[in-house]
Amino acid sequence: MATAAPSAASRIAVVTGASSGIGAATARQLAEAGYRVVLTARRKDRIEALAEELARAGHSAVAYQLDVTDRAAVDEFAGAFKTIGVLVNNAGGALGADPVATGDPADWRTMYETNVLGTLNLTQALLPKLDASGDGVVVVVSSTAGHGTYEGGGGYVAAKHGAHVLAETLRLEIVGRPVRVVEIAPGMVRTDEFALTRFGGDEEKAAKVYEGVAEPLSADDVAETITWAVTRPSHVNVDLLVLRPRAQASNTKVHRER
């Protein structure tokens, strides 16, 4: 994959939710592309281990424990930077698969706060730093759930629609400034934790999500797409890129081999 080397003014990339899955994979690939990566997540041990891994490989990485829903902590974090080049808003996730009629409001609230308000917090706090770089990129990792509904997904769908609208609106509001707004919307991605977390640790339910699907997307597939979008020339903005495995035609139409 050919990528443009980041300029000195824009070489710092902040990745949220970097402790596992898409976030960790994105941090690795941005580091390989020449960025100094700042790994943020709540699980300090995970991001410290990843920072050490990247350092051993000759890359520049630092770990910073952060809860994206804690605005005071986000503002304190942002104060450490004069300029950054890339913000990857990846922290998020799904909880439960109950219908709207019986969904847990606490789960809905958690999903909204993480997927939408977490993205809002980081974007607001770091937008001046992205502006100062002269060539900034805000990436919002949404989901195909942000573009179509499915039964049992109401809370997650609502949250990811919110993330999509945030990205779309921000792009309108800052046009003319030296910051691109990119939305990457993955479909079925098999990671170690996404479905397991959604179903409260129930391994059987988590496995059924991917049952019979020969090749779901991997975290690396999504990370490579994010890195490609970020490293386009400055005048090229990837507004929205929907990424699905070949076996998935929509949120509700998946080919499963028997």
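**From strand β1 to helix α5**

In this predicted model, strand β1 (residues 12-15) is joined by 3 bridges to strand β4 (residues 86-89), and the two strands run parallel. Within this pairing, Ala13 has Val86 of β4 as its bridge partner. Strand β1 is also joined to strand β2 (residues 36-41), here by 4 bridges and again in a parallel arrangement, with Val14 standing opposite Val38 of β2.

How are the two faces of β1 placed with respect to solvent, buried or exposed? In a regular strand, side chains alternate between the two faces of the sheet. In β1, Ile12 and Val14 lie on one side while Ala13 and Val15 lie on the other, and these four residues are all buried, so that both faces of the strand are covered.

The chain passes between β1 and β2 by way of helix α1 (residues 21-32), and the three elements together make a right-handed β-α-β unit. In the loop between β1 and α1 sits Ala18, a residue that counts as buried because its relative accessible area is 0%, where the cut-off is under 20%. Apart from neighbours within four places in sequence, the residues in contact with Ala18 are Gly23, Ala24, Leu39, Thr40, Ala41, Ile47 and Leu50. Ala18 can also be set against Asn89, which is 71 residues away in sequence, while the C-alpha atoms of the two residues are 9.9 Å apart in space.

Aromatic rings offer another view of the interior. A pair of such rings is described by the distance between the centres and the angle between the planes. The model has 2 aromatic pairs; one of them is formed by Phe77 and Phe81, whose ring centres are 5.2 Å apart and whose planes make an angle of 70°, an edge-to-face arrangement. Both Phe77 and Phe81 are buried, and ring pairs link Tyr64, Phe77 and Phe81 into a cluster.

Further along the chain comes helix α5 (residues 154-173), whose 20 residues should span 28 Å at 1.5 Å a residue; because its end C-alpha atoms are indeed 28 Å apart, the expected and modelled spans agree. Which residues of α5 are buried? They are Gly155, Tyr156, Val157, Ala159, Lys160, Gly162, Ala163, His164, Leu166, Ala167, Leu170 and Arg171. An α-helix has 3.6 residues a turn, so residues three or four places apart point the same way. The cover over the buried residues of α5 includes helices α4 (105-133) and α6 (194-198), together with strands β5 (136-141) and β6 (179-186).

Note on methods
Residues are numbered from 1 along each chain as its sequence is written. This is a predicted model: local features need pLDDT of at least 70, side-chain atom pairs count only at pLDDT 80 or more; totals for chains, interfaces and linings use all residues. Side-chain values use heavy atoms; hydrogens and water are left out. Buried means under 20% relative accessible area, exposed over 50%, partly exposed in between (1.4 Å probe, protein chains only). Two strands pair if DSSP finds at least two bridges between them. A crossover is right-handed if, with the strands pointing away from the viewer, the path from the first strand over the helix to the second runs clockwise. Contact means heavy atoms within 4.5 Å. Rings of Phe, Tyr and Trp (its six-membered ring) pair if their centres lie within 6.5 Å; planes under 30 degrees apart count as stacked, over 60 as edge-to-face and the rest as tilted. The expected span of a helix is 1.5 Å times one less than its number of residues.
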